[in-house]
Amino acid sequence: MLKVLAALAVGAALAGVASVAVVNVAAPTAEPPNKPLYNYGDR
Amino acid sequence: MWRPFRFAWSGLAGRDGAARGPVFARLGPALVGLALGLLALWPALGPGFALRYDMVFVPEQPVRLPEGFPRAVPSDQVVALLSAVVPAEIVQKAILLGLFVLAASGAGALVGDALSPRAAHGDAGRDASGPGGTPLVGGGGARGPRGAGARRADGAGARALAPTGLGSGGTGVLVAPLAAAAFYAWNAYLAQRLLIGQWALLLGYAGLPWAVRAAARGGAARLAVALLPAAVGGFQAMLVSALTVLPVAALRGLPRRPGPESRGRATTVAGAGAGRGAHAGSRRGARARTVLSRGRQGVCRAWRRLRRFPGLRRHLGELHRRHVRSPGASPALSSVSSPGPSSVLSSVATPLAVVVVLSLPWLVPALVSTADAVADPAGVTAFAPRADGPFGTLGSLLTLGGIWNSHAAVPGQDMPALAAARLALTLVAIAGFVRLGSARLGSVRRPAWWRGLAVAACAGLLIACAGAFAPGVPRALIGWWAGFGPLRDGQAYVAPLALAQAMGVAVAVTALRAAMPAPVAVAALAVPVLVLPTFALGAFGRLGTAEYPEEWRRVQAVVNGDPAPGALLSLPWSAYRAFSWNGGRVVLDPATKMFSRPVVWNDALVVGAGGGRLIRVAEESPRARRVGALLAGPATAPLTGALRREGVRYVLAAGVDENTFLSRLPGATPVYRGAELLLVRV
């Protein structure tokens, strides 16, 4: 029973962290401007 | 319970496993892959093209060989051929979704081989049947009517025969492939490479489990079929596959190290082989008989060790019995019947030949082009792995991330809590993989591919680490011979580590199932998604669709309708664009793929290194170098004559400010002038 409760706690914590991440990322962010030239990327 | 859900649950949990277990064992991983693919790609599955970084699909793509290093050979040609039959945007969506299905089904099949090949093919029910043929729950009954499974069924059987099929090995053997599938189809490696648009590399990644399986089983035809996705993907996909397949083929035949457990396994497997007379020559059979008694002792010792883990022992031991009993045990699981180390070279010869033959489409042009192409060693610094979380570069690589481009990281990936969860999952996965190959598992045989996959995972990690921690090594190699150029993006070679971790996750879930009720093990399938949740929905908008503006189609029609020879020069002189109609997403110049004539474009790469510093990786195409030098001349110098001498017939300038370029082309004829594009015939 203790193991199951521990698993439930871990699962709930994971779900909570995942929810926070999703909420943060889902918030609108500014799109990059229209550029005719662009780097391949930034490190 | 809603009927479809009830069916799905009973399949997962192993109830009526004889009938439904095999179906779920075969289709379950593919369905998991399909579901995860839909979740990850959802915004990219709408009308239009998903364009991001190196992922460029264009309508009516012509079949054409590129200049310079054949980076997109034969992937572009295959897409062009498919696009002649099916609309290109459908081809793209099928490929992207297929990646997830192929990866997940392959991981599931590989772990199915390792843990329960017979259960996956219908023996679960037979083995689990009691004397009267009544299926006991899952695999528990394989120990016979007096086994623990029977006791559970006879006794408080309410729990053992609960609707979920608890207390059975069936759950473990069904959930384990699903867990491997979920992990392999949802991790940072796949997400980052998708966000940088390297779908061709991901073809190799997706086919990797199938290739490993085929290499372990042997047979050139089987391996060739398994390597087809990588062959279509091209050089990077084939290199990653070769890195994995060749060690697997070389090491599948190595004898185990002497030890009580291995002697025990040798005896049992050799006995099974003698029984079916399929392999093991007389000398090997005699040797096996001489160690028979010692082997028995080894098995007994292994069982005693595993008493501390009764649940795990129950599951794994039952699976072992199936392997030994089954006359059709997969050769992929038998390493005793394979040749010794003296024949490692011969083991590798056939897979190497298959790899080389399938690589010819890009290998021949690459070898020809390297005579005058240059691989800039600066690429090592530009494309070295980077830390994308709080655990440094090594931590990022171990958790399958660490791609060089910060824009390819999954949003929110660097959150400490999520990164810690991924690291914990990685450690569990590695422990599971080590345990799979450890003699401590006792009666479960180490899969024939285990050693090779372990070597490939370590080698891939070393290659990736070299770019970050010892960049002088790849830089010197690339400087010595341009053929080492693919080493510069070392993080790509972490793919076999991802597969090894997927196998480890399956072992961990099997152990979890042994210690906990089935719902906990089933819920564990969601862990890969929970530790990387922001990969969903196209990484929350990083992947999306866009329609090409009509003027691109008009320009394409004009250029491709002109039978006169001559190349097209694409301006502005930079490889990547961020079009407003594509949501500002960065994408490789579509002109590189849209036209049926050679396209001269700037294949130099500019990478921001922080603090305003730029790393410039030089052009690889000789003609691009020459034209680049022309364009870098005085801003008012006429170019028409020089471009004609370079074989240029058209100049395509994209961008609102590029019309000013017309003044440098006296005597040239504007053919099309639109809001965004200017096409000039030189």
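Student: In what order do the five strands of the open sheet in chain B lie?

Tutor: In this predicted model, the pairing within the open sheet of chain B is mixed. Its edge strands are strand 4 (599-600) and strand 8 (669-673), each of which pairs on one side only. Read from one edge to the other, the order is 4-1-7-9-8.

Student: Which residue of strand 4 of chain B is the bridge partner of Leu568(B)?

Tutor: Strand 1 of chain B covers residues 567-571 and pairs with strand 4 of chain B in the parallel sense. Two bridges join these strands. In strand 4 of chain B, the bridge partner of Leu568(B) is Val599(B).

Student: What angle does the direction of helix 27 of chain B make with that of strand 9 of chain B?

Tutor: Helix 27 (residues 550-560) of chain B packs on the sheet and touches strand 1, strand 7 (648-654), strand 8 and strand 9 (677-681) of chain B. The direction of this helix makes with that of strand 9 an angle of about 10°.

Student: Which helix supplies the largest share of the side of domain 1 of chain B that touches domain 2 of chain B?

Tutor: Chain B is divided into domain 1 (3-42 + 73-128 + 139-155 + 165-254 + 344-541) and domain 2 (550-681). Ten residues from each of these domains take part in the contact. On the side of domain 1, those residues comprise five nonpolar, two polar and three charged. The largest share there, four residues, comes from helix 18 (residues 378-382) of chain B.

Student: Against which helices of chain B do the buried residues of helix 1 of chain A pack?

Tutor: Helix 1 (residues 2-26) of chain A reaches 36 Å from its first C-alpha to its last, close to the expected 36 Å. Leu14(A), Ala18(A), Ala21(A) and Val25(A) are buried in this helix. An α-helix has 3.6 residues a turn, so residues three or four places apart point the same way. The buried residues of helix 1 of chain A pack against chain B at helix 20 (416-436), helix 25 (527-530) and helix 26 (536-541).

Student: How many residues does helix 1 of chain A supply to the side of chain A that touches chain B?

Tutor: The contact joins 26 residues of chain A with 43 residues of chain B. On the side of chain A, these divide into 16 nonpolar, five polar and five charged. Helix 1, strand 1 (35-38) and strand 2 (41-42) of chain A each supply at least two residues. The largest share comes from helix 1 of chain A, with 13 residues.

Student: Which residue of chain B stands opposite Gly41(A)?

Tutor: Strand 2 of chain A pairs in the parallel sense with strand 5 (residues 605-608) of chain B, over two bridges. Opposite Gly41(A), in strand 5 of chain B, stands Val607(B).

Notes: Residues numbered from 1 in each chain as written. Chains lettered and ligands numbered in written order. Predicted model: local features only at pLDDT ≥ 70, side-chain atom pairs only at ≥ 80, totals over all residues. Pairing = 2+ DSSP bridges. Contact = placed C-beta atoms within 7 Å. Axes fitted to C-alpha atoms, helices over the stretch in contact; angles between N-to-C directions. Domains from an automatic or database assignment. Nonpolar A, V, L, I, M, F, W, Y, C, P; charged D, E, K, R; others polar. Expected span 1.5 Å × (residues − 1). Buried ≥ 20, exposed ≤ 12 C-beta atoms within 10 Å, placed from the backbone.
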